[in-house]
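This briefing is for a reader meeting the structure for the first time. It deals with the surroundings of the ligand and then with an annotation from a record.

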Amino acid sequence: MDRPEKTLVNSAVHPSHQPYDEDEGLSRRVVGRIGGAFFTLSGVVTLATLLLPSRPLHVLGVALVATAAIGIGIAVWLLPWGSWSRRAPLTLVPVAFTLIAIHNYFARDEPARFGLFFIVTFTWIGLACPRWTSLPFVPLMIVAYVTPLVVTGTSIATALSAAVCTAPVCVLVAEAIAWVGARLRVAQRSLRESEVRFRSLVQHASDVVAVLGPDGTARYVSPAIQHVLGYRPEDLIGTSVFDRIHPDDLPHARAQLTEIVLGRGAMPPTQFRYRRADGSWVYVEATATNLLDNPAVGGIVINARDISERKRFEKELVHQAYHDPLTGLPNRVFLQRRLADSLAQAARERTRVALLFIDLDNFKLINDSLGHDAGDRVLSELGKRLLGCIRCGDMAARFGGDEFMVLINGTPGTDAALAAADRLAATLAEPFVVDGHELVITTSIGVALGGDPDDRPEDLIRNADAAMHRAKLLGKARRVVFDPAMYAQAVERLALERDLRHGLERGEFQIYYQPVLDVRTRRPVEVEALVRWHHPERGLISPGEFIPIAEETGLIVPLGHWVLAEACRQLAAWRTAFPDCAPSAVSVNLSARQFRHPSLTADIAQILAETGLPPASLKLEITESVMMDDTASTLEALRDLKQLGVQLAVDDFGTGYSSLSYLKRFPTDAMKIDRSFARGLDQSREDQALVEAMIAAANALRLQVTVEGVETEEQLEFLERVGCDLVQGFLFAPPMPPDEVARFLHTGLQTSGFHPPALL
Ligand SMILES: Nc1nc2c(ncn2[C@@H]2O[C@@H]3COP(=O)(O)O[C@H]4[C@@H](O)[C@H](n5cnc6c(=O)[nH]c(N)nc65)O[C@@H]4COP(=O)(O)O[C@H]3[C@H]2O)c(=O)[nH]1
């Protein structure tokens with residue numbers, strides 16, 4: 001409905017209030033009424049002149065004409081000009097000329113009035129009609145002018161010359177007025193058009209436009225209010241804008257209005273909540289312009305729009321910036337902020353804050369074996385469990401990957417923090433069921449406590465991280481409290497990393513070989529190459545210490561290449577030196593990083609070509625976890641290697657997910673059962689059953705089986721009984737330098753009296 005509101009803005013722009021028709025000048029009704037007024041006025045003036053001392057010759061006649069003019073004037077005023085044609089008022093002109101002529105006849109001694117009434121009539125024509133309307137009436141005017149003069153005895157020439165002199169004045173007056181009127185109408189039309197434009201903009205804009213009084217009372221509200229806030233404009237006009245502003249935003253809104261009323265000018269956008277017609281709150285952004293001094297407006301013009309959607313979006317962005325999308329937990333940034341607050345509070349209140357750095361053990365295996373979707377589900381379930389474990393006011397956050405943080409405020413001390421860590425670990429260790437697989441996840445937790453005035457969030461995080469790494473190094477599935485000595489270890493690790501680079505350049509590495517024996521003949525048939533580092537200051541360093549660092553830094557690639565080349569060269573040399581008792585193959589460990597290196601196959605082919613070693617004499621040991629990673633490319637890499645003719649063995653079998661399916665799918669030749677199983681053979685029937693099952697599976701898949709870490713005769717006998725092919729371990733020989741291996745190969749079987757040196 002487009003009902004015009006009675007407001008300042010509307011009254012200023014509504015066309016129905018204009019005295020002019022669109023193009024033709026004054027409206028027909030106004031033209032008629034002005035005509036009526038002129039008749040009446042002229043009649044009244046004429047009657048009044050009768051009271052003057054210089055009376056006309058024929059008073060009664062003049063009085064009658066004047067009375068007739070008044071009567072006609074009143075009738076003309078009342079006539080329905082609006083419903084008649086636009087030219088209808090022009091009929092008044094002959095009537096007026098007739099009255100003027102009769103009047104002039106009776107008042108012939110008053111020549112001044114002759115022209116005056118004609119000028120009045122032409123004034124009306126100029127006022128009421130478009131330009132050049134006066135011209136056609138000039139002849140009629142001359143007739144009306146001349147006729148009474150001639151009838152009363154004036155010569156026609158005199159009468160005509162007087163009429164001809166008056167006519168230009170009449171036309172000039174009429175045209176001047178018509179010209180000014182036309183100009184005014186053009187100006188008015190353009191004003192009206194701009195008003196219409198403005199009106200249509202205001203009426204149809206999606207933003208709400210309102211005009212307020214200085215006290216906040218609404219004087220005008222645009223129709224957009226209906227779809228923005230659900231009100232009709234007339235519901236709000238006359239009410240205070242503050243009635244519907246949220247109480248929390250009210251002081252600010254009032255202050256803003258006061259400022260704009262006092263300040264004069266425009267106000268920057270301000271936001272507040274406004275109550276919708278249905279009672280809900282929406283965020284509104286408004287700008288205000290003080291037009292109190294502008295007579296056309298006389299108020300504060302408000303431009304407002306609903307910004308709820310934007311607010312929601314902003315809120316979402318803020319949430320995203322501070323939360324992890326997978327688990328919905330706070331992220332690293334959020335945790336750091338909260339930790340800063342917690343530390344400040346703890347320093348004030350002299351309490352302690354505990355930070356638990358939780359890292360999932362072997363989470364990569366889940367991703368690799370069951371896929372990333374399954375891994376994501378585990379992480380998200382884990383997030384929920386963490387949330388369920390923490391108290392209100394504490395915080396659980398995902399720090400990235402498989403790392404989580406728990407912040408505990410107001411903890412009494414280390415024991416309480418450790419107890420909390422144990423509780424969390426126990427909750428997280430409950431089995432997860434993903435895609436029908438039951439998974440148990442252990443965690444390594446680093447615990448750091450803070451709350452001293454100079455404790456910084458980044459220090460506490462670094463401490464908890466260091467403690468978590470310590471827990472990993474100590475064998476995972478445990479929690480460790482941070483100790484400043486860990487810094488020393490970290491520094492030492494850095495030094496080791498640096499020395500590792502130099503060690504390679506300076507030739508500080510040596511390969512030891514451990515014989516691998518045939519279970520039935522008890523004779524050495526193969527050797528495993530195991531690298532050693534002769535550190536210039538620290539002496540012999542075990543691979544368990546430096547291989548992980550070499551892996552992390554990428555140095556494993558050149559180091560592994562050197563081991564491969566050296567092992568192949570050594571076996572080729574033995575084969576030449578002892579053609580009868582040389583091992584048939586050398587096993588070399590391949591790290592994950594080496595395995596994925598694009599030039600691996602080409603490098604091995606080159607080494608074999610250079611050393612002249614038959615490819616079948618090289619056995620590459622690849623761990624289970626490497627095999628399970630990204631099956632398509634792994635399969636391709638394994639096939640490439642297989643095409644060279646080398647043997648492939650799955651190393652440390654039994655320590656990962658021990659899936660038989662990949663053994664079947666991948667082109668492997670051998671399986672090496674981890675030494676931890678050999679150790680268990682003496683004490684545990686379960687381990688015996690497991691080893692027996694693994695050997696049976698390997699036999700079924702026609703894989704050669706080696707059991708590592710054989711240390712006792714009993715273990716050896718058991719393995720022989722269950723069909724194991726090859727064994728290696730301290731029972732026979734430790735890893736040894738090449739010359740000792742040569743001696744061993746000559747002496748053959750040694751099954752007793754060996755005591756492993758501490759480092760080996
Ligand atoms: N308790 C016990 N241990 C025994 C017995 N017999 C052999 N061992 C030890 O078991 C490990 C067997 O090697 P691995 O499982 O491949 O495990 C290796 C292998 O994963 C890695 N490694 C060694 N050399 C290299 C290498 O050149 N390249 C790569 N990528 N990794 C290597 O370091 C790991 C540890 O190597 P080492 O310290 O030489 O430890 C060797 C060996 O000394 C036994 O009867 N009892």
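The points below are grouped by topic. The model is predicted. In it, 22 residues surround the ligand, and a UniProt annotation marks several stretches of the chain as "transmembrane region".

**Residues around the ligand**

- Of the 22 residues that surround the ligand, the closest are Gln514, Arg532, Arg675, Glu711 and Phe730.
- By residue class, the shell around the ligand holds nine nonpolar, eight charged and five polar residues.

**Polar contacts and burial**

- Asn589 has a polar side-chain atom 3.0 Å from an oxygen atom of the ligand.
- For Glu528, a polar side-chain atom lies 3.1 Å from an oxygen atom of the ligand.
- The side chain of Asp652 places an N or O atom 3.3 Å from an oxygen atom of the ligand.
- The protein buries 86% of the 790 Å² that the ligand exposes when taken alone.

**Elements that form the shell**

- Strand E16 (524-535), helix H18 (543-553) and strand E20 (647-653) are the elements that give two or more residues to the shell around the ligand.
- E16 provides the largest share of this shell, with four residues.

**Annotated transmembrane regions**

- According to the unreviewed UniProt entry, "transmembrane region" covers residues 30-52, 59-82, 88-107, 114-133 and 153-182.
- Residues 59-82 are 83% helix and 0% strand, with 37 Å between the end C-alpha atoms.
- Residues 88-107 are 75% helix and 0% strand, and their end C-alpha atoms are 30 Å apart.

Note on methods: Residues numbered from 1 in each chain as written. Predicted model: local features only at pLDDT ≥ 70, side-chain atom pairs only at ≥ 80, totals over all residues. Heavy atoms only, no water. Near = heavy atom within 4 Å. Polar contact = N/O pair within 3.5 Å; in protein donor to acceptor, adjacent residues only side chain to side chain. Areas by Shrake-Rupley, 256 points an atom, 1.4 Å probe, with all protein chains shown as cover. Nonpolar A, V, L, I, M, F, W, Y, C, P; charged D, E, K, R; others polar. UniProt positions renumbered as here; feature names shortened; annotations may be inferred.
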